[in-house]
Amino acid sequence: MSKNFSQKDIANGFYPLRQIQSWLINTHFNKVNSTMMNITAFSEIDNSIDLEKLSKAINETVAAHDIFKTRFVVHPETGEICQRFDGEIFPVEVEKFSDAEFDRRKKNLLQPYKLIDSPLYRIFLFETPSGKFIYLDFYHAIIDGVSIAFIFSNEVEMRYKNKKILHEPSQYADYILEEMKISPEELSAGNKFFHEITASFDAKKHLPPADLHRKENWQENHFKYQIKNISADYFKKNNRTENIFFIAASMMAIAKSSGAKNFVMSWIHSGRINSQELRIMGLMMEQFPISFDFEKNITVKKFLDSLEEKIAEELKYRKSLGAVYREGLQDNFVTFMFQKNIRNQDSSDTFSGRKMKYSAAENILDIELNALDDGNYLIDLDYDASRYSKDAMKNFAETMDEIILQLQDEKIFIHEILNRN
């Protein structure tokens, strides 16, 4: 959080960027005309949905949350990029097209955002002779997946069904003001904590070995693999969280492939740890660095317990992640993210068939672990295809799946897993 903002700035409507916002925007400035920071969804809606009623529900939801009024602006005195929450909201209206006109319209839906003093989301409703459709597009530096898939979708559905919204929404500007109250001593302690974690990172040790050395720049590709060796039943019967278990599996898979004796990576947290934060529409997620020393030969139980303690400690210092973002300390880390279906199982889902697309920054390897509705799990590897072949990613996923199986026996020692052929 910037130290340059005064109460006068706040009174005049200028708010500092949160550090994760600054990080994402700075990353995007390298390719300002790209759509790398767009979070988009395009889907057909059930024909029974009344689009006029849906547009009203969407407009009421948008009006209730200040994040949709966000505009990034240049501070007139300091020249620093900051944000205001007083931008104009443009009502969502139903647009009607012929099928041919709609085909042409779809080709121009995904566009980069003009970052300064412009709206940072787009919502369109379309009706054609062939069906009804919704298009959602949000700039990632104002919002995250939990906001869209849970808060926004649920609230729109509640309004569509004329149900009462039980809680007043928590506003993003108020959350920023709370963060500005953190003491310098607390920030300093957290900075030291995270610097100690990131200091040991070595790209030669802490990334899977590259099997390609193409001259071209970063190229995004995906490899998806359904895990064979575990289901949700395991977590129902054991006192382990999915997130920590799969972070452990990711760590060990990379350590095994690289031969590292210590390991550093990063993991994504929703940034929401209480009921009030669960009602905030905005960018709340945080990316934490985490390390582990595999020199000590401990049991799987001790490994998982230690990892759980590390993550609990990291969450205490989450307000100090600004130093990590500011200095780009984890820009080259492997990043792990666990996702699951966070919609209510009995929900009719106003946005039926919704498919979200999260545009990626230029990361070397992201490990996305998805919990499927049937109780199984899918690994989605988002990787740099100039460094890794699809076969290399297939081998990595299979290695991780085998480690997942072995981690279920908490009595064995981690060196047995790492050294097993």
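What share of the 421 residues of the protein count as buried? The figure comes to 52%. Keep in mind that this is a predicted model.

**Overall build**

Let's start with the whole chain. The protein's secondary structure adds up to 14 helices and 13 strands. Its radius of gyration is 22 Å, close to the 22 Å the globule rule gives for 421 residues, so the protein is as compact as a globular protein of that length. Put a box around the C-alpha atoms along the principal axes and you get roughly 60 × 55 × 50 Å. As for the outside, about 20,000 Å² is exposed, and carbon and sulfur atoms supply 48% of that area.

How do the contacts spread along the sequence? Take contacts between residues at least 6 apart in sequence: 78% of these join residues at least 24 apart.

**Where H10 meets H11**

Now for a pair of helices. H10 covers residues 242–258 and H11 covers residues 300–316; their axes come within 10 Å and cross at roughly 110°. Angles from 65 to 115 degrees count as roughly perpendicular, and H10 and H11 are therefore roughly perpendicular to each other. On the H10 side, the residues that meet H11 are Ile244, Phe245, Ile247, Ala248, Met251 and Met252. H11 answers with Phe303, Leu304, Leu307, Glu308 and Ile311. By class, this H10–H11 contact has ten nonpolar residues, one charged residue and no polar ones.

**Two residues to look at**

Here are two single residues, set side by side.

| Residue | Relative accessibility | Class |
|---|---|---|
| Threonine 335 | 7% | buried |
| Histidine 167 | 49% | partly exposed |

Threonine 335 sits in strand S10, which runs over residues 335–340. Buried means under 20% relative accessible area, and threonine 335 is buried because its value is 7%. What is threonine 335 in contact with, leaving aside its neighbours within four places in sequence? The partners are Ser266, Ile268, Gln287, Leu365, Asp366 and Ile367.

Histidine 167 belongs to a loop, the one between helix H5 (145–160) and helix H6 (172–179). With a relative accessibility of 49%, histidine 167 counts as partly exposed; the exposed class takes values over 50%. For a sense of distance, try glutamate 101: its C-alpha atom and that of histidine 167 are separated by 41 Å, with the two residues 66 apart along the chain.

How values were computed:
Residues are numbered from 1 along each chain as its sequence is written. This is a predicted model: local features need pLDDT of at least 70, side-chain atom pairs count only at pLDDT 80 or more; totals for chains, interfaces and linings use all residues. Side-chain values use heavy atoms; hydrogens and water are left out. Axes are lines fitted to C-alpha atoms, for helices over the stretch in contact, and angles run from 0 to 180 degrees between N-to-C directions. Helices (H or I, at least four residues) and strands (E, at least two) are DSSP runs, numbered from the N terminus. Angles under 35 degrees count as roughly parallel, over 145 as roughly antiparallel, 65 to 115 as roughly perpendicular and the rest as oblique. Contact means heavy atoms within 4.5 Å. Ala, Val, Leu, Ile, Met, Phe, Trp, Tyr, Cys and Pro count as nonpolar, Asp, Glu, Lys and Arg as charged, and the others, Gly among them, as polar. The radius of gyration is taken over C-alpha atoms; the globule rule is 2.2 Å times the number of residues to the power 0.38. Buried means under 20% relative accessible area, exposed over 50%, partly exposed in between (1.4 Å probe, protein chains only). Accessible areas come from the Shrake-Rupley method with a 1.4 Å probe; for residues, only the protein chains shown count as cover.
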